[in-house]
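The following exercises concern charged side-chain pairs and helix packing. Please work through each task with the sequence and structure at hand before reading its solution.

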Amino acid sequence: MPATHGTLTAKGPQPDGTRSKGPQTDRTRPDGTQADRTDRTQGAQADRTGRTQGAQADGTPSEECPSPDTPLLRYPPRSLVILTGLPGAGKTTLLRRLYGLTGAEGSPAVSGPAVVIDSAQSRLRWRGRLDRLPKPLRTAAVFATHVTRIGRALAAGHAVVAHNRGCAPYVLRGFAWLARRHGAGFHLLLLDASPEAALAGQQARGRVVAPATFARHRRRWEALLTRARAGDPSPAASAHVMTRADAALLTAIHFDAAAPR
């Protein structure tokens, strides 16, 4: 569903205090019927965790080999889904395709029960207004705006899909705390791109991360990815790993899965 823009309506938070076992995926059989399954990302096997990740002949992951499924991800209502990955991995591209964003949005976009929040929206909000500040202060202002918008959407009772390139442990713990504060489940959607593909993506968009910064992102990303593949999504309730080829096949993210018992 293309995103629409407008004022967020206030709804009271509904704390549930439960932990989600992960998103669900819908698959279409050859006869056209639907098969639903719970996507439990706590295990190690791709066919049981719902990781839509392809493999090469030697068994290693491949961005060019998507899984046979075309996933329709489902999360419980009032979830916070953080889409993360290396800078240039294609996170903004995915959000724009799924929600019909143009890149000209300076504020969050509303799509059904969800609010879509890309950090690019906060950068555009401050464009030309902080030029006299040192870059670290500009980055901090953009990130503070981004996080504040996520908090406001959660406080209003919305589900949230948010882009965030940073995957440092303290950043993820901060998102987990923010979700708990507003009675929302916290989930990670990991877009796995090779460093080479991510660098190419940075060059294509015309915004290249400094080598030292990219190296730091890469170390943190690889640590998070290793834990997620081993079945440890903490501090999130679930962690779903996608390759770029899988992301190209993703059709939608819905917030209508049954709440965990």
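The model is predicted.

**Exercise 1.** Determine whether Asp232 is buried, partly exposed or exposed, and identify its salt-bridge partner.

*Solution.*
Step 1. Asp232 has a relative accessibility of 31%. Buried requires under 20% and exposed requires over 50%, so Asp232 counts as partly exposed.
Step 2. The partner is Arg227, and the closest N and O atoms of the two residues are 3.5 Å apart. The pair qualifies because the cut-off is 4 Å.
Step 3. Arg227, at 30% relative accessibility, is likewise partly exposed.

**Exercise 2.** State how many salt bridges a search of the whole structure finds, and describe the one formed by Arg74.

*Solution.*
Step 1. The search of the whole structure yields four salt bridges.
Step 2. Arg74 pairs through its side chain with Asp256, at an N to O distance of 2.5 Å.
Step 3. Arg74 belongs to strand 5 (residues 72–74), while Asp256 is in the segment after strand 12 (252–254); this pair therefore links distant parts of the chain, 182 residues apart.
Step 4. Arg74 is buried at 14% relative accessibility, whereas Asp256 is partly exposed at 46%.

**Exercise 3.** Locate the two residues of the salt bridge between Asp192 and Arg229 and assign each to a burial class.

*Solution.*
Step 1. The side chains of Asp192 and Arg229 meet at 2.5 Å, N to O.
Step 2. Asp192 lies in strand 10 (residues 185–192) and Arg229 in helix 7 (residues 211–229), so the salt bridge ties together parts that are 37 residues apart in sequence.
Step 3. Asp192 has a relative accessible area of 11% and is buried; Arg229, at 27% relative accessibility, is partly exposed.

**Exercise 4.** Describe how helix 3 and helix 4 pack, and classify the residues in their contact.

*Solution.*
Step 1. Two packed helices are described by the angle between their axes and the distance between the axes. For helix 3 (residues 119–126) and helix 4 (residues 135–155), the angle is about 125 degrees and the axes are 9 Å apart.
Step 2. Angles of 65 to 115 degrees count as roughly perpendicular and those over 145 as roughly antiparallel; helix 3 and helix 4 are therefore oblique to each other.
Step 3. The crossing of helix 3 past helix 4 is right-handed.
Step 4. Helix 3 contributes Ser119, Gln121, Ser122, Arg123, Arg125 and Trp126, which meet Ala141, Val142, Thr145, His146 and Arg149 of helix 4. By class, this contact holds three nonpolar, five polar and three charged residues.

Key:
Residues are numbered from 1 along each chain as its sequence is written. This is a predicted model: local features need pLDDT of at least 70, side-chain atom pairs count only at pLDDT 80 or more; totals for chains, interfaces and linings use all residues. Side-chain values use heavy atoms; hydrogens and water are left out. Helices (H or I, at least four residues) and strands (E, at least two) are DSSP runs, numbered from the N terminus. Buried means under 20% relative accessible area, exposed over 50%, partly exposed in between (1.4 Å probe, protein chains only). Axes are lines fitted to C-alpha atoms, for helices over the stretch in contact, and angles run from 0 to 180 degrees between N-to-C directions. Angles under 35 degrees count as roughly parallel, over 145 as roughly antiparallel, 65 to 115 as roughly perpendicular and the rest as oblique. A crossing is left-handed if the near helix is turned anticlockwise from the far one by less than a right angle, and right-handed if clockwise. Contact means heavy atoms within 4.5 Å. Ala, Val, Leu, Ile, Met, Phe, Trp, Tyr, Cys and Pro count as nonpolar, Asp, Glu, Lys and Arg as charged, and the others, Gly among them, as polar.
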